[in-house]
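Please open the model in your viewer and keep the sequence panel beside it, so that each selection below can be made by residue number. The tour goes from a pair of helices to the enclosed spaces and ends at a single side chain.

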Amino acid sequence: MRDSKVIAPDLLAWYDRHARVLPWRQPPGGGTTDPYPVWLSEVMLQQTTVAAVRDYFRRFTTLWPDVQALAAADDAAVMAEWAGLGYYARARNLLACARQVAAEGGFPTTRAGLQALPGIGAYTSAAIAAIAYQHPETVVDGNVERVVARLFAVQQPLPEAKAQLTALAATLTPQDRPGDYAQAMMDLGATICTPRSPACGICPLLAVCEARAQGIAADLPRKAPKTPKPERTGLVWVARQGDSVLLEHRPAKGLLGGTLAFPSAGWDGRDLPPPGPAEWRDLGAVRHVFTHFSLDLSVRLGDLAGNPTRGELVPLRQIDREALPGLMRKVWDMALPAIRG
């Protein structure tokens, strides 16, 4: 029998002993908590690992310790701190959400109210409602999908199985300590019920796991074959003038939206000319993989013979590599020896 009366007590007892210590998390049994760190960490974690997010979270909460401080932050400063976390639309939504919450005097306390905020979808609203407010919402991320697929031996492959796995997960969600339960499911998937070589022998749910009983735990969840990512190409211009290099802010919407970057074209739907007159030298190409496509971006270096047609010349000593998005860091690393040479 697999339901909340069977699963939750054993899982919560395990969590009380083995919960991961994370900078945004209260210890087990903490009850209602500040939604700000829960929201911030969940947004950061959407495309990134826990290990990578720890330092980002600490920096953000040092600079902006509450939602009011983040709401008052400069957009460029937030974008710079976000560099490396991917999907800059999430950073823009983060600011929009913080400003709406600050204007309204605080976070909504219901899942529906949370989901009405910019950048908060079904998963994040459920996570905040459960973890911050102790509402018995069903929180399903990739770790939880894997745990549930194995508990119930679900054979249907992902992503088609998502609705079924969410429905099954809902049958397990308890009324008592739902926030701890949600985090316990995540921890179980991250530390024991792992994608490869699950540690079934020490799993607190071993006795009720159907996949373990059938000897197929390591094979689940099944996944549909991946289709190859489309390939794109483009150009990026590293233009120098004296001891300065040309940078521009990308359009607010779209790929790498609002970030500081070298002028580029061709890969993002923008067919733009070079940013000024120069004799351009080919330095090679950088390879970058986005979620939905792979990119080969040819890097051209040149000395501007006149005023740039777009962007701003920035002294070399003032350019902060860490403030650039990942793609542009690769461009910078390729171009810097030639710039200094």
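Select Tyr-123, Ala-130 and Ile-131 in helix α8 together with Pro-178, Gly-179, Gln-183 and Met-186 in helix α11, and you will have on screen the residues through which the two helices meet in this predicted model. By class, this contact of α8 with α11 is made of five nonpolar and two polar residues, with no charged residue taking part. Now widen the selection to residues 122–133 for α8 and residues 178–191 for α11, whose axes lie 7 Å apart and pack at an angle of about 125°. Because 125° lies neither in the 65 to 115 range for roughly perpendicular nor over 145 for roughly antiparallel, α8 counts as oblique to α11.

Keep α11 displayed, since the next stop, the second largest cavity, takes the largest share of its lining, four residues, from that helix. To show the whole lining, select Glu-137, Thr-138, Val-139, Val-144, Ala-169, Thr-173, Pro-178, Tyr-181, Ala-182 and Met-185. Pro-178 belongs to this lining and also to the contact with α8. The space enclosed here is about 60 Å³, and its lining divides into seven nonpolar residues, two polar residues and one charged residue.

How many cavities of 30 Å³ or more are there? The count comes to two, and the one still to be visited is the largest, with a volume of about 120 Å³. Select Arg-150, Cys-193, Cys-200, Cys-203 and Cys-209, which lie nearest the centre of this largest cavity among the 15 residues that line it. Adding helix α9, residues 142–151, brings in the element that gives the most to this lining, with three residues. By class, the lining of the largest cavity holds 13 nonpolar and two charged residues, and no polar ones.

For the last stop, select Glu-322, in the loop between β7 (312–315) and α13 (326–340). Is Glu-322 buried, partly exposed or exposed? Its relative accessibility is 42%, and it therefore counts as partly exposed, the class that runs between 20% and 50%. If you leave aside its neighbours within four places in sequence, the residues in contact with Glu-322 are Ala-80, Ala-83 and Arg-329. Finally, draw a distance from the C-alpha atom of Glu-322 to that of Leu-168, which is 154 residues away along the chain, and the separation should read 43 Å.

Key. Residues numbered from 1 in each chain as written. Predicted model: local features only at pLDDT ≥ 70, side-chain atom pairs only at ≥ 80, totals over all residues. Heavy atoms only, no water. Axes fitted to C-alpha atoms, helices over the stretch in contact; angles between N-to-C directions. Parallel < 35°, antiparallel > 145°, perpendicular 65-115°, else oblique. Contact = heavy atoms within 4.5 Å. Nonpolar A, V, L, I, M, F, W, Y, C, P; charged D, E, K, R; others polar. 1 Å grid on protein atoms, 1.4 Å probe; cavity = no way out; pocket = protein on both sides within 12 Å on 5 of 7 lines; lining within 4 Å. Points joined across faces, edges and corners; volume = space filled by probe spheres on them. Buried < 20%, exposed > 50% of the residue type's maximum accessible area, 1.4 Å probe, protein only.
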